[in-house]
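Me: Please choose one part of this structure and look at it closely, beginning with a single residue pair and working outwards. I am new to this model, so kindly explain each term where it appears.

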Number of protein chains: 2
Amino acid sequence: MTVHGLQSIFQEQEMTETVHDTEGHGYLATFIGKNGRLVILRVPVHGLLTIDLQCCEGDNIVQVENLLNALEKKLRSLLHGNIKRVKRLPALIRGAAVDRYWPTADGRLVEYDIDRVVYDEDSAYQNIKIMHSQQFGNILILNGDVNLSESDLPYTQAIMGRGKENYAGKEVLILGGGDGGILSEAVKLKPKMITMVEIDQMVIDGCRTHMRKTCGSVLDNLKGECYQVLVEDCVPVLKKYVEEGKTFDYVINDLTAVPISTAPEEDSTWEFLQLILDLSIKVLRPTGKYFTQGNCANLTEALALYEEQLGRLSCPVDFSKEVVCVPSYMELWVFYTVWKK
Amino acid sequence: MTVHGLQSIFQEQEMTETVHDTEGHGYLATFIGKNGRLVILRVPVHGLLTIDLQCCEGDNIVQVENLLNALEKKLRSLLHGNIKRVKRLPALIRGAAVDRYWPTADGRLVEYDIDRVVYDEDSAYQNIKIMHSQQFGNILILNGDVNLSESDLPYTQAIMGRGKENYAGKEVLILGGGDGGILSEAVKLKPKMITMVEIDQMVIDGCRTHMRKTCGSVLDNLKGECYQVLVEDCVPVLKKYVEEGKTFDYVINDLTAVPISTAPEEDSTWEFLQLILDLSIKVLRPTGKYFTQGNCANLTEALALYEEQLGRLSCPVDFSKEVVCVPSYMELWVFYTVWKK
């Protein structure tokens, strides 16, 4: 009876029905209309009734909305008193020039309020996108991974020790950080010298132009009064520092969650992380601190693995962690502070 | 050729193909397999190729993933060099006991990491859900609208003036606030007296039990040393205060975005907002402040309308606003401070 009641609506819309054989999995039909419009209707013997409506680019959205409204109204009257829950989800828009779907690190579907692509280039290392969000400003997305938006000062503050550290007169090493956020905040704190090692000149170029709320003018030159930016792979740089016995008060690891490297020896993510960690701790002064992002708070297994790694370094360390809300991430993020025992 | 290449995969899966007539909108076929599994394949002459895979409860998820992997691999090899973008979205799970989709105020689709329903009751006024999120703790959802999670102290701080106000010895009126968040923070600040007017006893009961990280023990009694909770509609209470000439140093409007009321006179949302605003300003001391949430930062028209209203009150006021990141909202939120000119 439910099916029959809905069919009249599809007939009015001049949609052609095909009933499919589901071998006992209830009624399943597809209805094809004008402009390539398609409805998939599932009516199980009991349980969840679903209606999917697909339409193509250029279809009349008002008509589509009206069809959905008519179907919902009819369903409510047909099943009156037998409905536990009715839910209509916002439309998924696929293939648009502006992709608004950037799933979280823990795999959830989230739609961003992105309204334009500002920058989209492939460097030798990765795909670099900068997209504009109405609320967050520009967002840097590396290989599909939301890195930082212009509203994400809490990220930068968290990975610098949340205002609890005194940077004045200190020597600072930043690994990665091509968006310039950390560098821009750190130079304000009058350190003796900041060295930033970012592999990808194109990230620097894109952010210098399009993420100015994050980097200010700090990326306009690769050298400043109290900082230098080395456009290099950080692994050989760290190795050289270890050899030379050069050390730092703060080492800030802002490399992307999925590491990139020019060296062939680090083929697994974890081995790479371990290598960076070990080298970083080696260039850290006895009173120094190593800051890094961990992962999203929900990925408890990955976090546990990372903490296990911290226990296996050549130099014994202690650590603390903090859960921080980074506005554009849509998920809470864990940051670590590591120091020598 | 693309279609033919994919068909072999569906044949291997013993799925039955139905080709639909799209009247020139490209190739459109549905494939039905075992367990009610359904694939919708659209291959336009040029542009976006889409594959939708629907499966029912109890289907073998590994098999479904394998099918998707096989289709993606085949597509990549068939269209090698002609693909601009490949995107696979996380599965939408409909009809589950735990609903994870709670769209933002600006209508975007977001999936929460909700893993259990803690409380789900209909009061005389609204549907009250408290759901557990792995990262945010319990979340209060009123009539499908995410109100507050146990991680949302930034909301409470924002609607109390962000620590810039001195509550000591002051008289405070809270409108709504049944989750107890504001009350719990306010009592710590040693005010003279807080009066909270919440219409819905069931919100108080649910939050007292399941939102203790938010309300602490403050809702265990409706009266404390420096506070009282009136379980009443705030409109008649406000009117009585106006008549009596009772005034407050702080009025905090924490009513839900969509207002609820027992009075018949406020049939439109805006009229209700206007009424509350006007009465609130009337009970505000000349040096007092009125705090309220506005709306999501993206709803610029609604915010402009609200600000227009502020200009039309019986007593002239000034206001300031602030954009705040409330962790569980997945969108930036605007808060207002209003004072008498």
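**From one bridge to the whole sheet**

Reply: B:Asn253 has its bridge partner in β13(B), namely B:Thr292. This pair belongs to the link between strand β12 (residues 248-254) and strand β13 (residues 284-296) of chain B, two parallel strands joined by five bridges. Strands pair here if DSSP finds at least two bridges between them; strands (E, at least two residues) and helices (H or I, at least four) are DSSP runs numbered from the N terminus.

The model is predicted: local features need pLDDT of at least 70 and side-chain atom pairs count only at pLDDT 80 or more, whereas totals for chains, interfaces and linings use all residues. Residues are numbered from 1 along each chain as its sequence is written, chains are lettered from A and ligands numbered from 1 in the order in which they are written, and side-chain values use heavy atoms, without hydrogens or water.

The wider setting of β12 and β13 is an open sheet of seven strands in chain B, with mixed pairing and the order β11-β10-β9-β12-β13-β15-β14. At its edges stand β11 (227-231) and β14 (317-325) of chain B; each has a single partner strand, so one side of each lacks a neighbour in the sheet. On average, neighbouring strands of this sheet are turned by 15° against each other, direction ignored. Such angles lie between axes fitted to C-alpha atoms, for helices over the stretch in contact, and run from 0 to 180 degrees between N-to-C directions.

A helix also belongs to this picture. Helix α7 (residues 234-244) of chain B lies across β9 (171-176), β10 (193-198), β11 and β12 of chain B, and runs at about 150° to β9(B). Contact here means heavy atoms within 4.5 Å.

Beyond the sheet, chain B meets chain A. Each side of that contact is formed by 52 residues, from chain A and from chain B. The buried area is about 4600 Å², 58% of it from carbon and sulfur atoms; this is the accessible area (1.4 Å probe) that two parts lose on being put together, summed over both. A:Arg94, A:Leu109 and A:Gln135 supply 14% of the area that chain A buries against chain B, more than any other three residues.

Four salt bridges are found across this interface, a salt bridge being a side-chain nitrogen of Lys or Arg within 4 Å of a carboxyl oxygen of Asp or Glu. A:Lys87 and B:Asp99 meet in a salt bridge through their side chains, at 2.8 Å from N to O. On the side of chain A that touches chain B, β1 (16-20), β2 (27-32), β3 (38-43) and β4 (50-54) of chain A each supply at least two residues. β4(A) gives the largest share of that side, four residues.

Chain A has an open sheet of its own, with four strands in the order β5-β6-β7-β8 and antiparallel pairing. Its edge strands, β5 (114-122) and β8 (145-149) of chain A, each pair on one side only. Neighbouring strands of this sheet are turned by 25° against each other on average, direction ignored. Within it, six bridges join the antiparallel strands β6 (residues 127-133) and β7 (residues 137-142) of chain A, and A:His132 has A:Asn138, in β7(A), as its bridge partner. Helix α5 (residues 201-210) of chain A lies across β5, β6 and β7 of chain A, at about 150° to β5(A).
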